[in-house]
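Please open the structure in your viewer and keep the selection panel at hand. The tour below goes from one selection to the next and says what is to be found at each stop.

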Amino acid sequence: MHLSKHHGLGNDFLVVLEATNGPLPNSPDLARALCDRHTGIGADGLIWGGVSDRADVAFRLHNADGTEAEISGNGLRCLVQAHLRAAGLHEGTVTVATPGGVRQAVATAASDPLTLSVLAEMGPVSAGPTLPAVVGEMGFAQAATGSVGNPHVVLLGAGSLVPDLTSIDLAKVGRRVEDAIPGGANVHVVESVGPDTLVMRSWERGVGLTEACGSGATVAAWVARTWGLVGDRVTVRMPGGEAVVELGETEASLVGPATFVADLETP
């Protein structure tokens, strides 16, 4: 089986394309084995790029623990790069069939030859899961939920008990909030650090702490706008780097890099 490895701001994925490999298995066990950082190749998730009659390529993602995720902003960009590379292209427009509908992405070359800048439609932002009572015990200034097909909890970090993001044990907070929500959720802590700029750290469902979360950045920007902290174009700074979220009235787009790491073969 031929795979390629990519990352979006440090959020890394293995990509398998059906056009290259033939019919793809729906295998959580294989995802767990390949994504293990000690006994496998290592990644936050395994993306299956399928053949689709609705789009150029279909998106399916298993997290590192084998659970299936509905969407990933960073993963979407990585799949777009893998699809273009397989066609011998360094830029272009790609349509992607996701569980939440068809999304369009426009990729352009960056100064780094291994990196593309990708503007991807993230679709409508809707209400997320009900906030669990445990959030109210944690001392955050504000909290809200949202969804772009997958569920997110956004916690504003400046409050009487939470002075800044560095004081938060996000592994503890993230696991506690995720466990309190049926089906789990991605958990993000954010701060507003300037005009239209957020700092964000993420705990991702099925993975744990990650360097970046594209769908989370999208929802966090949307929520922050409802709180009056930002406008329609938001820079989100994460440990792995920056992404830009462009917010419309009902839908959002995400701009960020996708970087090729390596081509790989498994037995």
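**Paired strands**

Begin by selecting strand E10 (residues 151-156) together with strand E11 (residues 186-194), which pair in the parallel sense over five bridges; strands here are DSSP runs of at least two residues, numbered from the N terminus, and helices (H or I) are runs of at least four, while pairing requires that DSSP finds at least two bridges between two strands. This is a predicted model, in which local features need pLDDT of at least 70 and side-chain atom pairs count only at pLDDT 80 or more, whereas totals for chains, interfaces and linings use all residues. Residues are numbered from 1 along each chain as its sequence is written, and side-chain values use heavy atoms, with hydrogens and water left out.

Within this pair, Val153 stands opposite Val187 in E11. Add strand E12 (residues 197-204) to the selection, and you have the antiparallel partner of E11, joined to it by seven bridges. E11 and E12 form a hairpin with two residues between them, and Asp196 in the turn has a positive phi of about 60 degrees.

**Ser202**

Next, select Ser202 in strand E12, with His188 standing opposite. The side chains of these two residues, Ser202 and His188, make a polar contact at 2.8 Å, a term that covers a pair of N or O atoms within 3.5 Å where, within protein, one must be able to donate a hydrogen and the other to accept it, and where residues adjacent in sequence count only if both atoms are side-chain atoms. Ser202 is buried, with a relative accessible area of 4% (buried means under 20%, exposed over 50%, partly exposed in between, with a 1.4 Å probe and protein chains only). Leaving aside residues up to four places away in sequence, Ser202 touches Leu170, Val187, His188, Gly208, Leu209, Thr210 and Cys213, contact being heavy atoms within 4.5 Å.

**The cavities**

Finally, turn to the enclosed space: a search of the whole structure finds two cavities of 30 Å³ or more. A cavity is a set of points on a 1 Å grid over the protein atoms alone where a 1.4 Å probe fits but cannot get out, and lining residues have an atom within 4 Å of a point. The largest cavity has a volume of about 150 Å³, a volume being the space filled by probe spheres set on the points, which are joined across faces, edges and corners. Of its 17 lining residues, select Leu61, Asn63, Ala69, Ser72 and Glu204, the closest to the centre. For the second largest cavity, of about 30 Å³, select the lining residues Glu70, Ile71, Thr98, Gly100, Arg103, Val148 and Gly149.

How values were computed. On a 1 Å grid over the protein atoms alone, a cavity is a set of points where a 1.4 Å probe fits but cannot get out, and a pocket is an open set with protein on both sides within 12 Å along at least five of seven lines; lining residues have an atom within 4 Å of a point.
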